[in-house]
Amino acid sequence: RVHALLGGPDELLREPWFGRDAIRTAASWAGIADAARAAALEALAPRALDGDDLAALAVGRIDTHAQTIDLWMAEAGRRADAHPEASLRTLSIHLREAVARAAQALVDEALRAAGSRPLARGGALDRAARDLRIFLLQHRLDPMLVRAGREAVDR
């Protein structure tokens, strides 16, 4: 049941709110990536500390992906704070693409390095991988990237 109507028709599509909501969506993906990173470190740290170079390499790659996400999110926050009424539509498109790809790469690296044990046991890494897949499938970024690409070509 609808309890209240907030704003007019297509209110969520108006700027600056739409772009900022899209950034909040990417923040949820970043949170899932953080959970995957923590689970991967739990699985990989003992091996890396025992001299397993492949585990240490995976942790290095995972951290690179996590830092990519953090940098994009920090830049979005900086721009939103600096220009409260500005449209962040284009930024939000590129941010979501970058965060989605980095989060997926982080999870893929974590799963490859950790092996099947976290998946067979249904632990935190398994949950993060499934959650990320579901969340990313809910957003069709390709059409937005096509539009952003066309705008970039026109500029």
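This section describes one helix, one partly exposed residue and several salt bridges in a predicted model.

Helix 6 spans residues 141-154 and contains 14 residues. From its first C-alpha to its last, helix 6 reaches 20 Å, close to the 20 Å expected at 1.5 Å a residue. Three of its residues, L141, M144 and A148, are buried. These buried residues cover an arc of only 65° around the axis, which puts them on the same side of helix 6. On the other side of this helix, D142, R150, V153 and D154 are exposed. In an α-helix there are 3.6 residues a turn, so residues three or four places apart point the same way.

Helix 2, formed by residues 53-82, includes D70. This aspartate counts as partly exposed, with a relative accessibility of 46%. Although D70 and A30 are 40 residues apart in sequence, their C-alpha atoms are 7.9 Å apart in space.

Ten salt bridges are found in the structure. One of the residues of helix 2 that takes part in such a contact is R61, whose partner is E109. The closest N and O atoms of R61 and E109 are 3.9 Å apart. Because R61 lies in helix 2 and E109 in helix 3 (residues 89-114), the pair ties together parts that are 48 residues apart in sequence. The two partners fall into separate accessibility classes: R61 is partly exposed at 40% relative accessibility, whereas E109, at 8%, is buried. The value for E109 lies under the 20% cut-off for burial.

A further salt bridge is formed within helix 2 between the side chains of E75 and R78, with an N to O distance of 2.6 Å. E75 and R78 are three residues apart in this helix and are therefore separated by about one helical turn. Both count as partly exposed, E75 with a relative accessibility of 24% and R78 with 48%. Beyond individual pairs, R61, E109 and R112 are joined into one network by salt bridges that share partners.

The side chains of D52 and R47 also meet in a salt bridge, at 3.3 Å from N to O. In this pair, D52 is partly exposed, with a relative accessible area of 26%, and R47 is likewise partly exposed, at 31% relative accessibility.

Methods
Residues are numbered from 1 along each chain as its sequence is written. This is a predicted model: local features need pLDDT of at least 70, side-chain atom pairs count only at pLDDT 80 or more; totals for chains, interfaces and linings use all residues. Side-chain values use heavy atoms; hydrogens and water are left out. Helices (H or I, at least four residues) and strands (E, at least two) are DSSP runs, numbered from the N terminus. The expected span of a helix is 1.5 Å times one less than its number of residues. Buried means under 20% relative accessible area, exposed over 50%, partly exposed in between (1.4 Å probe, protein chains only). The arc is that of the directions from the helix axis to the C-beta atoms. A salt bridge is a side-chain nitrogen of Lys or Arg within 4 Å of a carboxyl oxygen of Asp or Glu.
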